[in-house]
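Take a look at the structure below. This report walks through its backbone, its surface, a pocket and its charged pairs.

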Amino acid sequence: MVDLSVSIGSLRLANPVMPASGTIAEAMASMIDMGRLGAIVLKTITPDIRQGTKPPRVAEFADGTVFAIGIPSKGPRYFVETTVPFYRPFGAPLVASVSADTVEDFAALAATISVPGVAAIEANVSCPNLRAHGKAFGMDPVATAAVVRAMKAATSVPVWAKLTPNVGDVTVVARAAEDAGADALVMGNALLAMAIDAEQRRPRLGNVIGGYTGAAVKPVLLRMVHQCAAAVSIPIIGCGGITCGEDAVEYMLAGATAVQMGTVNFVHPSAMPDAVSWIEDYCRRHRIAAVRRLTGAMAATRDVVRETEAVL
């Protein structure tokens with residue numbers, strides 16, 4: 001029998017598969033067994049109630065999608081009173097995802113939603129820092145560290161830092177988050193992108209610029225997970241273009257302890273439980289008794305990879 005359990009700091013998951021924030025909703029409970037997931041990452045909330053960006057919000061391509069949703073949010077009260085009670089009975093640990101415009105708001109929001117049933121809080125530091133002229137917190141190691149440090153002071157719940165890939169060297173930000181006390185890293189989020197309608201000569205998104213997600217971004221985020229795994233000692237949750245169990249295993253081999261599946265959930269609602277089954281079968285075929293042994297199993301080639309990167 002394969003042991004699929006993994007540990008993200010003090011939090012133990014039955015298996016390494018969970019959704020990325022904003023890619024599941026209550027209706028999905030009628031399509032899949034939510035209790036089959038290692039954890040349930042809930043939609044990002046903000047301190048205030050937000051409607052999101054103006055439509056159109058989605059531009060689809062063959063292997064990816066550009067989204068400009070704008071984090072619509074019903075606020076922390078709705079989250080505590082309605083969202084958490086809905087998901088708690090499924091049994092999988094609940095991970096809240098938060099976004100805010102200032103460090104103080106991140107901390108206050110973390111304190112407000114630290115209620116029974118919330119097992120961890122994911123800090124979405126890809127959002128704009130209003131005190132840094134709109135530059136995303138996650139693009140700045142100092143700002144990222146400030147958010148993590150403030151949240152850790154405001155709650156006893158584990159804090160995960162969700163990093164942005166839109167930086168030159170993600171390992172600098174990763175180390176800053178770790179030094180500030182982050183319990184884990186989520187690597188990563190969408191790549192900045194845009195789409196244009198040539199016939200109309202107009203942007204295809206109401207917000208003009210959005211985030212590119214889906215299968216096409218996997219090689220980029222996989223590389224970043226590998227780099228972060230070599231730079232920090234805290235667990236890494238891989239996220240980006242994961243569509244199946246094989247993708248999940250690749251992320252674990254690169255250094256991830258667990259994974260988040262996102263865009264694929266809009267197309268194949270059963271993708272996550274199917275991935276759990278595939279991973280279990282993979283471990284059985286390869287005579288791997290515990291899935292956690294996959295994490296960083298590429299370690300033997302790490303020196304070769306570093307030498308290659310130095311040449312490039």
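A residue counts as exposed when its relative accessible area is over 50%, as buried when that area is under 20%, and as partly exposed in between. Keep these cut-offs in mind, and keep in mind that this is a predicted model.

## Salt bridges

Side chains of opposite charge can pair when their charged atoms come close. How many salt bridges does the structure hold? There are 10. Three of the pairs are listed here.

| Pair | Closest N to O distance |
|---|---|
| Asp48 and Arg50 | 3.0 Å |
| Glu81 and Arg77 | 3.1 Å |
| Lys218 and Asp247 | 2.8 Å |

Start with Glu81 and Arg77. Helix H1 holds both residues. They sit 4 residues apart, which is about one turn of the helix. Both Glu81 and Arg77 are exposed.

Now turn to Lys218 and Asp247. Lys218 belongs to helix H5 (residues 218-231) and Asp247 to helix H6 (residues 245-254), so their salt bridge ties together parts that are 29 residues apart in sequence. Is this pair buried or exposed? Lys218 has a relative accessibility of 13%, so it counts as buried. Asp247 has 8%, so it is buried too.

Asp48, the partner of Arg50, is another case. Its relative accessibility is 35%, and therefore Asp48 counts as partly exposed.

Salt bridges can also join into a network. Here, Arg36, Glu280 and Arg284 are linked in this way.

## Cis peptide bonds

Next comes the backbone. Which residues does a cis peptide bond join? One such bond links Pro55 and Pro56, with omega at about -5°. Another runs from Met187 to Gly188, where omega is near 5°.

Both sites involve loops. Pro56 lies in the loop between strand E4 (40-41) and strand E5 (58-60). Gly188 lies in the loop between strand E10 (184-187) and strand E11 (191-194).

Pro56 deserves a second look. Its relative accessibility is 43%, so Pro56 counts as partly exposed. How far apart are Pro56 and Gly206? In sequence, 150 residues separate them. In space, their C-alpha atoms are 5.1 Å apart.

## Positive phi angles

Which residues other than glycine have a positive phi? Ile71 is one of them, with phi near 50°. Arg201 is another, with phi of about 60°.

Loops hold these residues as well. Ile71 is in the loop between strand E6 (65-67) and helix H1 (75-87). Arg201 is in the loop between strand E12 (196-197) and strand E13 (202-203).

Their exposure classes can be read from the cut-offs. Ile71 has a relative accessibility of 22%, so it is partly exposed. Arg201 has 75%, so it counts as exposed.

## A nonpolar patch

Now consider the surface. Which residues form a nonpolar patch there? They are Leu192, Met194, Ile196, Val208 and Ile209. Together they have about 470 Å² of accessible area.

Leu192 is found in strand E11. At 55% relative accessibility, which is over the 50% cut-off, Leu192 counts as exposed.

## The second largest pocket

Rolling a probe the size of a water molecule over the atoms shows where empty space is left. The second largest pocket has about 370 Å³ of space. Its lining has 21 residues, and the closest to the pocket's centre are Glu26, Lys43, Lys74, Tyr78 and Thr83.

Which element gives the largest share of this lining? The answer is H1, with 5 residues. By type, the lining of the second largest pocket divides into 10 nonpolar, 7 polar and 4 charged residues.

## Val142 and Val173

One last pair remains. Val142 has its place in helix H3 (residues 141-154). Its relative accessible area is 63%, so Val142 is exposed. Val142 and Val173 are 31 residues apart in sequence. From C-alpha to C-alpha, Val142 and Val173 are 8.1 Å apart in space.

Key:
Residues are numbered from 1 along each chain as its sequence is written. This is a predicted model: local features need pLDDT of at least 70, side-chain atom pairs count only at pLDDT 80 or more; totals for chains, interfaces and linings use all residues. Side-chain values use heavy atoms; hydrogens and water are left out. Helices (H or I, at least four residues) and strands (E, at least two) are DSSP runs, numbered from the N terminus. Buried means under 20% relative accessible area, exposed over 50%, partly exposed in between (1.4 Å probe, protein chains only). Patches are made of residues with over 30% relative accessible area and no salt bridge: like charges are joined within 9 Å, nonpolar side chains (Val, Leu, Ile, Met, Phe, Trp, Tyr) within 5 Å. Accessible areas come from the Shrake-Rupley method with a 1.4 Å probe; for residues, only the protein chains shown count as cover. A salt bridge is a side-chain nitrogen of Lys or Arg within 4 Å of a carboxyl oxygen of Asp or Glu. On a 1 Å grid over the protein atoms alone, a cavity is a set of points where a 1.4 Å probe fits but cannot get out, and a pocket is an open set with protein on both sides within 12 Å along at least five of seven lines; lining residues have an atom within 4 Å of a point. Grid points are joined across faces, edges and corners, and a volume is the space filled by probe spheres set on the points. Ala, Val, Leu, Ile, Met, Phe, Trp, Tyr, Cys and Pro count as nonpolar, Asp, Glu, Lys and Arg as charged, and the others, Gly among them, as polar.
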